[in-house]
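I set out to record how the helices pack, what lines the pocket, and where one proline sits. The entries follow in the order of my look-ups.

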Amino acid sequence: MRYVRPRPFILMILPYLLVGVLLGLSDAPLRGLLQRWIGTPKPGTALIINIFMPLATIILAAIYPRMRVVLLGAPLLSLGFEMGARARAANVLSPRWRADLFVQVHPILVVATLGYLLLGVLSVATVRNWRRVGKPDDPSRCRQCGYSLIGLSAPRCPECGLPVRQPRG
């Protein structure tokens, strides 16, 4: 098992929001690109919501597999997407931009958020078998991977190769 060093909660949910904003901002350029390639702009948003955002949820959940981070991160991903898309559509630098543009959210995005949440929870549940947030509990285990160091003849962990200094009695 590989251990991931614990980090502050806020630092681990910010990537969800930032990725969502970036995907929201890239919505219009992606639609323009697809319109040139395919001839219709409609698949752009669908591609982001159905492929890129679930993929982002799975990747972020695998990088830092902690359930509470995913439970807040998946809705933040959707919120970030909505904020980015609305900011791009409203031209944030325009003097006519208003904060009330963020009040209405499309029902499909709400349902998709539930799907991202489920994907994130399933990803964390799956990844936790070989990747866990925290430090090894036992000092007789490797600091990096958690392998038992009792009875070793070499001064290295046989699992990950990390030099060990603990007594191996």
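**Entry 1. Helix 4 against helix 5.** I worked from a predicted model throughout. I looked up the handedness first and found that helix 4 and helix 5 cross in a right-handed sense. I then took the geometry of the pair: helix 4 spans residues 67-90, helix 5 spans residues 107-127, and the two pack at about 150° with their axes 9 Å apart. Because angles over 145 degrees count as roughly antiparallel, I entered helix 4 as roughly antiparallel to helix 5.

I next listed the residues that make this contact. Helix 4 contributes Met-67, Val-70, Leu-71, Ala-74, Pro-75, Leu-77, Ser-78, Phe-81 and Glu-82. From helix 5 come Leu-109, Thr-113, Tyr-116, Leu-117, Gly-120, Val-121 and Val-124. Sorted by class, I have 12 nonpolar, 3 polar and 1 charged residues in the contact of helix 4 with helix 5.

**Entry 2. Helix 1 against helix 4.** I turned to helix 1, residues 9-25, whose axis comes within 6 Å of that of helix 4 and crosses it at roughly 30°. Since angles under 35 degrees count as roughly parallel, I noted helix 1 as roughly parallel to helix 4. I recorded this crossing as right-handed. The contact of helix 1 with helix 4 divides into 17 nonpolar, 5 polar and 2 charged residues.

**Entry 3. The largest pocket.** Which residues line the largest pocket? I found Asp-27, Thr-45, Ala-46, Ile-49, Asn-50, Phe-81, Glu-82, Ala-85, Arg-86, His-106, Ile-108 and Leu-109. I noted helix 3 (43-63), helix 4 and helix 5 as the elements that each give two or more residues to this lining. By class, the lining holds 6 nonpolar, 3 polar and 3 charged residues. The volume I entered for the largest pocket is about 250 Å³. I also marked Phe-81, Glu-82 and Leu-109, which appear in the pocket lining and in the contact of helix 4 with helix 5.

**Entry 4. Pro-158.** Where does Pro-158 lie? I located Pro-158 in the segment after strand 2 (131-133). Leaving aside neighbours within four places in sequence, I found Pro-158 in contact with Tyr-147 and Leu-152. Tyr-147 is 11 residues from Pro-158 along the chain, and I noted 8.1 Å between their C-alpha atoms.

Conventions: Residues are numbered from 1 along each chain as its sequence is written. This is a predicted model: local features need pLDDT of at least 70, side-chain atom pairs count only at pLDDT 80 or more; totals for chains, interfaces and linings use all residues. Side-chain values use heavy atoms; hydrogens and water are left out. Axes are lines fitted to C-alpha atoms, for helices over the stretch in contact, and angles run from 0 to 180 degrees between N-to-C directions. Helices (H or I, at least four residues) and strands (E, at least two) are DSSP runs, numbered from the N terminus. Angles under 35 degrees count as roughly parallel, over 145 as roughly antiparallel, 65 to 115 as roughly perpendicular and the rest as oblique. A crossing is left-handed if the near helix is turned anticlockwise from the far one by less than a right angle, and right-handed if clockwise. Contact means heavy atoms within 4.5 Å. Ala, Val, Leu, Ile, Met, Phe, Trp, Tyr, Cys and Pro count as nonpolar, Asp, Glu, Lys and Arg as charged, and the others, Gly among them, as polar. On a 1 Å grid over the protein atoms alone, a cavity is a set of points where a 1.4 Å probe fits but cannot get out, and a pocket is an open set with protein on both sides within 12 Å along at least five of seven lines; lining residues have an atom within 4 Å of a point. Grid points are joined across faces, edges and corners, and a volume is the space filled by probe spheres set on the points.
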